[in-house]
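Student: I would like a close look at a single part of this model, taken slowly and with the reasoning spelled out.

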Amino acid sequence: MSKQVLILPGDGIGPEIVAEARKVLEHVNSHFKLDLTLCDGLLGGAAIDAEGVPLPAATLALAKESAAILLGAVGGPQWDNIERDLRPEKGLLQIRSALELFGNLRPAMLYPQLADASSLKPELVAGLDILIVRELTGGIYFGEPRGIRTLENGEREGFNTYKYSESEIERIARLAFEAASKRSGRLCSVDKANVLEATVLWREVVERVSADYPDVELSHMYVDNAAMQLVKAPKQFDVIVTGNMFGDILSDAAAMLTGSIGMLPSASLDRDGRGMYEPCHGSAPDIAGQGIANPLATILSVAMMLRYSLAAPEAAQAIEDAVSTVLDAGLRTPDLYTEGSQRVGTREMGEAVLAALPQ
Ligand code: NAD
């Protein structure tokens, strides 16, 4: 039976990079006979301009019928001054929440060809391959009560609530253990159990779930130490699982170990493996429309989608190999450019990946 894939180009460089990823997806769809049907929708600023809201009902309906979603990025300065609830980023939070995409997988992998692009010494990062599993729909970003209130003495106070239920912790822990058992079998759970009660429970539940995964070696680390270890000796990690806020910060730090944000894909999954796939970077308004954005993170997001939601690991591998081939050939968008390599634009990079795929 045909599976539907929803494509949401979004804003800024979104349409440019998604156009290249779409060609790659169409090619593998036909080459590997995947029987995927692609459809398009609006999200973010593009949806605000056309429909007045960042997540139109029609987009959400298509998303609910789809096995997977490919997103470019949303946001841009032209929508920064509108009401908070109508901003492009709100559409992204709404779709993640409506589809219960609680598990965010962010690989931080350094292609050996790009070792020079990292801010760390090549020997510390060469061969780096970490997977950060971040809880995405709970924790302090969603906890109620929240707000800014005025105290009796007239001073204002900002407040948020950090909470996690046992079931929320258990489902993200299972996702992480599953991922770790398919990799090198090491999982590090990151918390702040020395200070925050919510993460005392986090640690307890992760320990309990670990009994079901005897093949995975579990360790725990406080978040401050994890931040330090990530820049000191990042290769000690395989899979890291953590809550929403810690994951947000640690995954950006891990991203920079690899040199370019333009190379990093991500997946956000629900309980059944349906997912939304997007590059880790934003809409890069500073370079939008210039044809110079790196499309590889979006193309690699297509590979993740084929692997995690569409049960097509061969097609996923073919795309990852094709990306490696173009990097071997020395092709670089400006964000990756170093002397001696061949500077190319968004479309040329996309075409090169397409040409390196099995024909
Ligand atoms: P950004 O990731 O868009 O850009 C940061 C820097 O990285 C910029 O200099 C940009 O040119 C560069 N960059 C990003 N992607 C690139 C690519 N593929 N190729 C080459 N260079 C690339 O982050 P920002 O500037 O903080 O945010 C811009 C907008 O994106 C904001 O409106 C923000 O809210 C939004 N945003 C959206 C998402 C998302 O859709 N998931 C994520 C982060 C930020």
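At 6% relative accessibility, does D238 count as buried or exposed, and what can be said about the salt bridge around it?

Tutor: In this predicted model, D238 counts as buried, with a relative accessibility of 6%, a value that falls under the 20% cut-off for that class. Its salt-bridge partner is R183, and the closest N and O atoms of the two are 2.8 Å apart. R183 lies in the loop between helix 6 (166–182) and strand 8 (186–191), while D238 lies in the loop between helix 8 (223–232) and strand 10 (239–242), so the pair ties together parts that are 55 residues apart in sequence. R183, for its part, is partly exposed, with a relative accessible area of 29%, whereas D238 is buried.

The structure holds 19 salt bridges, and another of them joins D40 to R22, with the closest N and O atoms 2.7 Å apart. Here D40 belongs to strand 2 (residues 36–40) and R22 to helix 1 (residues 14–31), so this pair connects parts that are 18 residues apart in sequence. D40 is partly exposed at 45% relative accessible area, and R22 is also partly exposed, at 21%.

A further salt bridge links E157 with R149, the closest N and O atoms being 2.8 Å apart; E157 counts as partly exposed at 28% relative accessibility, and R149 is partly exposed with a relative accessible area of 40%.

Terms used. Residues numbered from 1 in each chain as written. Predicted model: local features only at pLDDT ≥ 70, side-chain atom pairs only at ≥ 80, totals over all residues. Heavy atoms only, no water. Salt bridge = Lys/Arg side-chain N within 4 Å of Asp/Glu carboxyl O. Helix = DSSP H or I, 4+ residues; strand = E, 2+ residues; numbered from the N terminus. Buried < 20%, exposed > 50% of the residue type's maximum accessible area, 1.4 Å probe, protein only.
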